[in-house]
Amino acid sequence: MRKRFLIGLGAVLLAGTAIAVGSRVTSAQQPAPPAGTAVTLTRADSVRLEGPRQPIFFRHDVHAGQLKMQCQYCHYSVSYSSEPGIPSMQTCMGCHMYVSGSTPTNKAEIRKLTTAWGKKQPVQWIRIHELARHVHFPHSRHIFALGPDACATCHGNIARMPQVYKVNNVNNMGFCITCHIERKVTRDCSTCHY
Amino acid sequence: MAARHVPGVLAQFDHVDGACDAIRELKATGYKDLTVYTAAANHEIEAAIGDPISPVRLFTLFGGIIGCAAGFGTTIWMSRDWPLIVGGKSVAAIPAFVAIGFELTILVGSLSTVAGIIILSMRKSLKGRPYSPRFSDDRIGVFVPCGADRAAQVERVLVQHGSVEVVRDA
Amino acid sequence: MADEAETQGVDRRQFLKVIGVSGAGAAVLSGCTTERVAKLVPYMVQSEDQVPGVPTWYASTCAECSSGCGVYVKTREGRPIKLEGNPDHPTNAGSLCSRGQAGLQSLYNPDRIKGPMARNAKGEFDLIKWDDAIARLAAKLSSAGGKVAAINGYGASTFSTFLADYVTALGGTTVAYEPFGREAERTANDRTWGKAELASYDFGAARHIVSFGADFLETWGPVVEQQRGFAASHGFHDGTMARMVFVGPRMSLTAANADEWLNVPAGSEALVALAMAQVVASRKGSPLAASLASYTPDAVAKDTGLTAAQITALAEAFAAASPSLAIAGGIPAQHRGAIELCQAVNLLNEAAGNIGRTVLFGTTVGGSDGYASMVSLFDKMGQGSVQVVLVHDANPLYAMPKDGKFAAAFAKVPFKVSTAAIIDETAAQCDLILPSLHALERWDDLHTRAGVTGLMQPVVQPVFQGMHFGDVLLKAAKTIAGPVAKFNDASFEARLKSAWQKVAAEQKAGDFDEFWRMALGRGGLFAPMAPAPQFPASKGAVSYTKPTFDGTGDYVFLPYPSSMYHDGRGTNKPWLLENPDPITKITWQSWVEMHPDTAAKIDVREGEIVELHSPHGMIRSQVYIYAGIRPDTMAMPLGLGHTAYGRYAKDRGVNALDLLGAADGQGFLPYVSTRVSVTRTEDYRKVARVDGMPRQLGRGIVQSMALMYAAKGMTPEEAYKAGGRAPVEENTELEQKAIEGWHDAQLENTKVGNYTGDHPKWGMAVDLSRCTGCSACVTACYAENNIPTVGEEQVFRRREMSWLRIERYWEGGEANEPLGVRFAPVMCQHCNNAPCEPVCPVYASYHTVDGLNGQVYNRCVGTRYCSNNCPFKVRYFNWLKYNDVAWPEPLNLQLNPDVTVRARGVMEKCTFCVQRIRAVQNTARIEGRDFKDGEIMTACAQACPSGAISFGNINDPAAKVVQWKKDPRGYVMLEGTNVQSSVTYLAKVLHDAPVAGRGES
Amino acid sequence: MAVIAHDPSLPTQTHAEVTRDVVRTITDKPTTGYYILAGTMAFLVLVLLGTFTAILKYGLGLAGYSPPIMWSVYITTFVFWIGIGHAGTLISAILYLFRSRWRTAVYRSTEAMTVFAVMTAGLFPIIHIGRQWIFYWLIPYPNQRFLWPNFKSPLMWDVFAISTYLTVSSTFLVIGLVPDIAAVRDHVSGWKKKIYSALSLGWTGADSQWRHYSRAYLYLAALATPLVLSVHSVVSWDFAMSIVPGWHGTIFAPYFVAGAIYSGIGMVLTLVIPLRKVLKIEHMITSYHFDNLAKLTLFTGSILFYAYGMEYFIAWYSGSTFEQTTFWRRAFGPNWWAGWSMIICNAFVSQLLWFKKIRRNLTALFVISIFINIGMWFERWVIISMSLTNDYVPYAWGQINPTWADWGILAGSFGWFGLWFTLFYKNFPIVAIQEIKELIPMPRRSHGGGH
């Protein structure tokens, strides 16, 4: 206890402010999106790509990047709910009833989708961003404040990710606070914690 | 014991007044850098050696001041860094921080005092000087660094003042 | 609609699967997040009425008791998480009682059986397939040869009619059974006016209410509606308030809310009523006077223990008030003279001219066939003339006294079928259990009064594999030859709709689908019919005979329905078990109430277990010493002592019915008909009470003032002084100045960072002249805020977590002075100078910008200093892993996803429902508007049937709460501590003087 | 020497004898009794660990807490141990500044007691919180959340006070030990010599070392003196800063400091009376020293007596019904026994020490010291827990009965303290060799008069 105390205190004495400020900067910057936005990727590539391997090799870079689909098209409730909304299988089938893919990989992956639809078995996606349960983050408020393209602020440039990975640890409170300080919005605890 | 061996004469005394006389005479005849071993702090011998008062108090003083500043500084700065109201009190409530300022004054003050002893004592290396376990018991030891040429004279002075045991340590 | 329901079905079932694995989507607090792999499971088809993160509200009807209140079901991601009153419903108008709200815990009850069960050779139950179950049922029904009987506990409804028709078609008989059937009142009304129906009462209009043992705030009649009416008339408003007198041997919650309690011996209530009627009639020159001539106050005084003067005074006051209202009935007055009592009260009402003004006919419907027909049915069973018995929504083997040997008779039936979703005493004796659906899982309706029918729709896929009994019967009908074949609807839903098509026709509704959609959206058909204008003259006199009591014991035994457990159907719900009894404040236990003098006489102390012996049985339970009961009477709550009915109810407490005789008293079960003798055992059992010191010690926690002062617009303090009592000196003038100056100085310093700029400031006001202590708000708080129930053992250590508690204090009650009771809901007072805040070393307790006393659970390290420093002691600590044990699957599905589930080692407390505040603020912001007053409501304020709580932004001068706070009756608790709390209490108002001298003033 | 022999504050032996007698306490082979003692203590430490593990696993609810009593045995014991510490610093530092000679004989043992007592007390803030694994959130260290602790909370003052106190008093102990370890080093051989030489930090007793040493020692004493007064004041403010009737008193700081020293000396007596026998140093720690200790006890005990009386008086005089109820119930409420045992054991028992006979009778002193230990634990128990049983809202009043988890930790804390002390007195000079020698005038050739 005493040791920790001395360390903490010493740090503060010497460069408390500097450290605090410094950490704000560091936690604010994001790593650049990966280079792997080549259009042709096979299922095998998903192994070497960053981020967890999904049951279906869904290409955000294709849908959001090349096809320029709005995030809200699939994540439908993000602008009016605390939850962004995971697209229902029906939403996927809306297009893939007709779009069956060009490359073999695409075909294969889309077939997975159609079979799942046929069996009424929803695809179980691996969750990437899971906010701690004691934090309440209303997506709608943030989309309202930062505009519909603000997703990248936290999630990174998804439009260039063949396979989504975690760019920011959204569970670092500092990550949230930095933004709130920069934008001079409330830092009141009960805004998120209740 | 990498340190260079210091030639000189080591004398042991039973009686404090004898030791003191010897020290005074030796200093008078221009012998510097004596080392006097005692089992406990002893004013007579301090007086005989006549070194100025230890500067360790400066360490205490500045340590205390730094601690006090740190105590108030950090508390006030931290309270303002993320201002939260509690119990309708002002964010930087100085009276509440007095306790911490005080404790840190004491803490840093005493730690720097300890640092003081260590640093100051290390300034004068005792490496290579002879020592006898009896010094921690009841004997007073006086070591006079000197070349072989002067040793005889030193021994005479020491013996004359009642040293019970004189060793030439060349 | 149907196929939509199908599709919804899919996603909801999916959803349940998922939350099955990912902890009910409940926000469980953990120091930091784990990196476990979480799955995201999408809907197959997105139903337009379910948006993740946004609650969806469905209108439905509460089936927890026969009142059939309308409810709004709040669902999140397809699962109901809260029940609130339907504001459009004429019965409950937006509020809901504890039992109704706890309906969720019967929906998600962990002891619901997983599917149909049949008894095997070894006599144990096996899970079987539905087809198999229905086949077995059909086989038995067709081979029963008409010897079929059904016991139906469900109220008047399409289903009940269907069941009756069905059984008739099989050649059998159906008995509609309701344990508290109010048979005596029907008979009495029949004898008085030739109307064998129940009256409905307008409490709101009555200026003087006299209740003869009728607990109209607890279990007698539609309590929510009656409580609303009572609050309207008896609550202080415009310088006046109605008066209420309670006549009966025990001070119930209802009696505690009366201005006077006349503790006459059990059985003599009728005499008081008759004497009053006599006086009133003679004053008003009513023709009744003659027939009542023999019942003068002097004549009855002796038997009632009252003086003639008291009765006369009471009667005069009753006559003077117009309109007035006298009511009788209810279990505590259901002795062998119950019918005479009700007749007497009828005459009293007629003499006072209340008929058609506060006593209304022609609106109530349905009702049970009564105890007598149950007894005869069981006789038939005993004689072996019943082959198949169907028990639906009833538990007679628990609710009817063991003395009647009904179990033995029941056992004689070769094939017994129950539709209980949880194996209760009756189901345990059955051969086939066909678990029916919960009201929130099924299509159904409930006809509660003329023109009012509540609808139920499935708002969640069956949590377990239950099936609507209607569907079961229809499926069975397909394979049974004979008349039942005519029941060929595709499903019960279809049958329900066809029934409603008739209703639509009556209502002259054009397009049925439109009508149906509207009805579903509204929650049913609410077109209350006006009460019958004309009344036949009453058929004269009452012949009062002193009711008899079995046995020779020294004490009359008075079992009464608990306001939480009702007839015992509430006992399997932790919320109701932990929500303390409003009067005794005992949780999780049963107890024997004993007057202090009695206790002294037989030398027992609280918690000592005594044996009560009656001619019909013996029970052992611990003593609770209560000044609110006659020394010659002992009372016990009903509803406990189950031998089955799930983990929470089984073997909890004892069943007071075991002391009763089962003999039918003129068509009803006389609950108050035995005398008991008491023997001591040296055993003790701690009483799980949650009240520490039940007296105020002059600390002015719950303040009251006389009507005359309140009418003059005095403050409680002024009234206190005017009452000639020395003022309690809180602070000297100098101190006061210092405090104010200091407070202003503080405010100067508190405008930094987030705190600069304009913010709303949340405040609350509680009108104690309306609060009845019913504790509905407490259950609402549990439901809204994921508060764990901790169980009896923890309550022994006073570790209950109820963020909102109803404090109950005794006044007087000693040395022959009348016993008074004070209630006040106490939640976090959200002090502006909160003592709890500065002592927290980590800012877990701090002041939010909008004036809340914030508690950041995930920052809390659990030093508990805040609780020590809280003068109101409204902070609650999670000592053990309550969050792990309080919600066994699937109870956890009820958890509110908007509220963090607090982990062990964390301090928690009332947050003024900050999640509701933030939700409204978010929507308002997105819609680019400001929130409206009344838009944000705490769960307690929403639930309160008396409308005693108002909440809002006190920076908005137009807000209702601000108006309330301006009321001169307003005071803040413990003002002397200068914590500047945000909750204002409006002092309770007492009548200046009791009319019969048995009330405090 | 004969001249000054009558002064009981001065040792009678020569330098050589002092070294011999003290070093013997270390070099003598440990008796079986010693092993049994150490074993018992070690066992109690296991009890401590076991109980704490259970608490970590299941939660604080294992202890007897029942709201509104949110602080009970653990905080009581925390304050108890902190209090114990104070006597040590008083004797070693304050009396040093007062130049009172008699302290030298007992100061080493009391200073050790201080350090170990504070080490024990330091465990409790961690044990007693709800989420022990994040106790470090009370420490102001830069973190990614940008959160700092709340320095307005008396608990934060505690964090600083206790850690400072632990640091300073252990420094003080170590500094004092160095020359003595050197003395031991010169009288042992083999592996022991190696260890002691390492520990003696190259101390030779050269003039250059003594020169800084004695100054520094003076300043440390000068710093420790206000510290010891502040620490228990801060602890008392944990309570006085709150609004709980029975806690919220202005006299708390001096009241607690006096109590602390009182309890501390009680513990000194309990420890030293047997110790001097076991280590055969009766001739060094004589009844004269105990007489002085007893006088200190009497002094502080009388301050307590006054404080107790004053508490009740203020409660009555304040006119605050809350205060009055609290103190009425303290004396005549359901827990009257606790209230009275505190008053009897502390206020009354200490008054026996007016009699020289008792002051000089070690058996009597020992018995009294036990009373003091019990009484002072009860004092804290009464002030902390019993005040909580009845504060503002009567409906929330409660009672408490501790469980095995409470007693387990309490017993364990004695083991933890005892183990450290037992190991210490057998391996380090329990009497300050060099400071005693400082009092013995060195022999001179020309006899006549001391310096």
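**Exercise 1. Identify the residue of S39(C) that is the bridge partner of Asp767(C), and place the pairing within its sheet.**

Solution. The structure is a predicted model.

Step 1. Asp767(C) has Leu986(C) in S39(C) as its bridge partner.

Step 2. The two strands concerned are S29 (residues 762–767) and S39 (residues 983–986) of chain C, which pair in the parallel sense over 4 bridges.

Step 3. The sheet is open and has 4 strands in the order S37-S29-S39-S38 (chain C), with mixed pairing.

Step 4. Strands S37 (949–953) and S38 (970–971) of chain C each have a single partner strand and therefore stand at the edges, one side of each being left without a neighbour in the sheet.

**Exercise 2. Describe the contact between chain D and chain C, beginning with how many residues each chain gives.**

Solution.

Step 1. Chain D contributes 56 residues and chain C contributes 54 residues.

Step 2. Together the chains bury about 4,500 Å², with 57% of this area on carbon and sulfur atoms. On the side of chain D, the most area is lost by Met70(D), Arg131(D) and Tyr395(D), together 20% of what that side buries.

Step 3. The interface has 1 salt bridge. Lys873(C) forms a salt bridge with Asp391(D), and their closest N and O atoms are 2.7 Å apart.

Step 4. Polar contacts across the interface link 39 residue pairs, both residues being at pLDDT 80 or more.

Step 5. In chain D, the elements giving two or more residues to the side that touches chain C are helices H2 (32–58), H5 (154–185), H7 (207–240) and H10 (321–332). By class, that side of chain D comprises 36 nonpolar, 14 polar and 6 charged residues.

How values were computed. Residues numbered from 1 in each chain as written. Chains lettered and ligands numbered in written order. Predicted model: local features only at pLDDT ≥ 70, side-chain atom pairs only at ≥ 80, totals over all residues. Heavy atoms only, no water. Contact = heavy atoms within 4.5 Å. Buried area = accessible area lost by both parts, 1.4 Å probe. Salt bridge = Lys/Arg side-chain N within 4 Å of Asp/Glu carboxyl O. Polar contact = N/O pair within 3.5 Å; in protein donor to acceptor, adjacent residues only side chain to side chain. Nonpolar A, V, L, I, M, F, W, Y, C, P; charged D, E, K, R; others polar. Pairing = 2+ DSSP bridges.
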